[in-house]
Amino acid sequence: MSTSARPLAGGNTVTINGTGLSTAIAVNFGGTAVAPPGSGTVQITAVTPGGTSNGVPYTYVAVPVLTSLSPTEGPLNTGTTVTLFGRGLTTTSTVLFDTTPTSFTVVSDT
């Protein structure tokens, strides 16, 4: 299974890999057939005429919220370290300055 995001709001696309899936008639997310809003971890199963597959865990991840940064301004040249504060930062995969990706280190969830 793969996905680029697992938002609490649901609605995202999930790719399921395995064998015997060509006859699947349903995919269940914790008992429902679409990626619904949710939280925590649910089991995804595929239903075929031959039965229901084993479950594969799917974990919902909250969207990070930024509350402040320090410093709030700096020189035009590169090299200034900026600290972001907020919540839900542990699963951060990219930090952008406008549209430019930058290197980063996650220190904590906040």
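**Note on strand pairing, core and surface**

1. Thr48 is found in strand β2. Strands and helices here are DSSP runs numbered from the N terminus, with at least two residues (E) for a strand and at least four (H or I) for a helix. Thr48 counts as buried because its relative accessibility is 17%. Buried means under 20% relative accessible area, exposed means over 50%, and partly exposed lies in between, with a 1.4 Å probe and protein chains only. Leaving aside neighbours within four places in sequence, Thr48 is in contact with Gly20, Thr23, Ala24 and Ile25. Contact means heavy atoms within 4.5 Å.

2. A word on the basis. This is a predicted model, in which local features need pLDDT of at least 70 and side-chain atom pairs count only at pLDDT 80 or more, while totals for chains, interfaces and linings use all residues. Residues are numbered from 1 along each chain as its sequence is written, and side-chain values use heavy atoms, with hydrogens and water left out.

3. Next, the pairing of β2. Two strands pair if DSSP finds at least two bridges between them. Strand β1 (residues 26-29) and strand β2 (residues 41-48) run antiparallel and are joined by four bridges. Phe29 stands opposite Ile44 of β2. Strand β4 (residues 56-59) also pairs with β2 in the antiparallel sense, over four bridges. There, Val42 has Tyr58 of β4 as its bridge partner.

4. β2 has a further antiparallel partner in strand β3 (residues 51-52), through two bridges. A hairpin of two residues joins β2 to β3. The bridge partner of Thr48 in β3 is Gly51.

5. Thr45 is also placed in strand β2. Thr45 is buried, because its relative accessible area is 16%. Beyond its neighbours within four places in sequence, Thr45 is in contact with Ala26, Val27 and Asn28 on one stretch of chain, and with Thr52, Ser53, Asn54 and Gly55 on another.

6. Which residues form the largest nonpolar core? Val14, Phe29, Ala35, Ile44, Tyr58 and Tyr60 do, six residues in total. A nonpolar core is a set of buried Ala, Val, Leu, Ile, Met, Phe, Trp, Tyr and Cys residues joined through side-chain atoms within 4.5 Å. In soluble globular proteins, nonpolar side chains tend to be buried together. Phe29 and Ile44, which stand opposite each other across β1 and β2, both belong to this core. Ala35, another member, is in contact with Gly10, Gly11, Asn12, Phe29 and Tyr60, leaving aside neighbours within four places in sequence.

7. Pro37 lies in the loop between β1 and β2. Pro37 counts as exposed because its relative accessibility is 62%. The C-alpha atoms of Pro37 and Gly10 are 4.2 Å apart, with their positions 27 residues apart in sequence. Apart from neighbours within four places in sequence, Pro37 is in contact with Leu8, Ala9, Gly10 and Tyr60.

8. Two backbone features deserve a check. Most residues other than glycine have a negative phi, and most peptide bonds are trans. The peptide bond from Ser70 to Pro71 is cis, with omega near -5°. Pro71 sits in the loop between β5 and β6. Asp98 is not a glycine, yet has a positive phi of about 60°. Asp98 lies in the loop between β7 and β8 (100-102). With a relative accessibility of 72%, Asp98 counts as exposed.

9. On the surface, Leu66, Leu69 and Leu84 make a nonpolar patch of about 250 Å². Patch residues have over 30% relative accessible area and no salt bridge, with like charges joined within 9 Å and nonpolar side chains (Val, Leu, Ile, Met, Phe, Trp, Tyr) within 5 Å. A salt bridge is a side-chain nitrogen of Lys or Arg within 4 Å of a carboxyl oxygen of Asp or Glu. Areas come from the Shrake-Rupley method with a 1.4 Å probe, and for residues only the protein chains shown count as cover. Leu66 is in strand β5 (residues 65-70). Leu66 is exposed, with a relative accessible area of 55%.

10. Last, the segment after β8, where Val107 is found. Val107 counts as exposed, because its relative accessibility is 80%. Its C-alpha is 9.9 Å from that of Leu84, 23 residues away along the chain. Thr91 and Val107 are 11 Å apart, C-alpha to C-alpha, and 16 residues apart in sequence. Thr91 lies in the loop between β6 (83-87) and β7 (95-97). Thr91 is partly exposed, at 47% relative accessible area.
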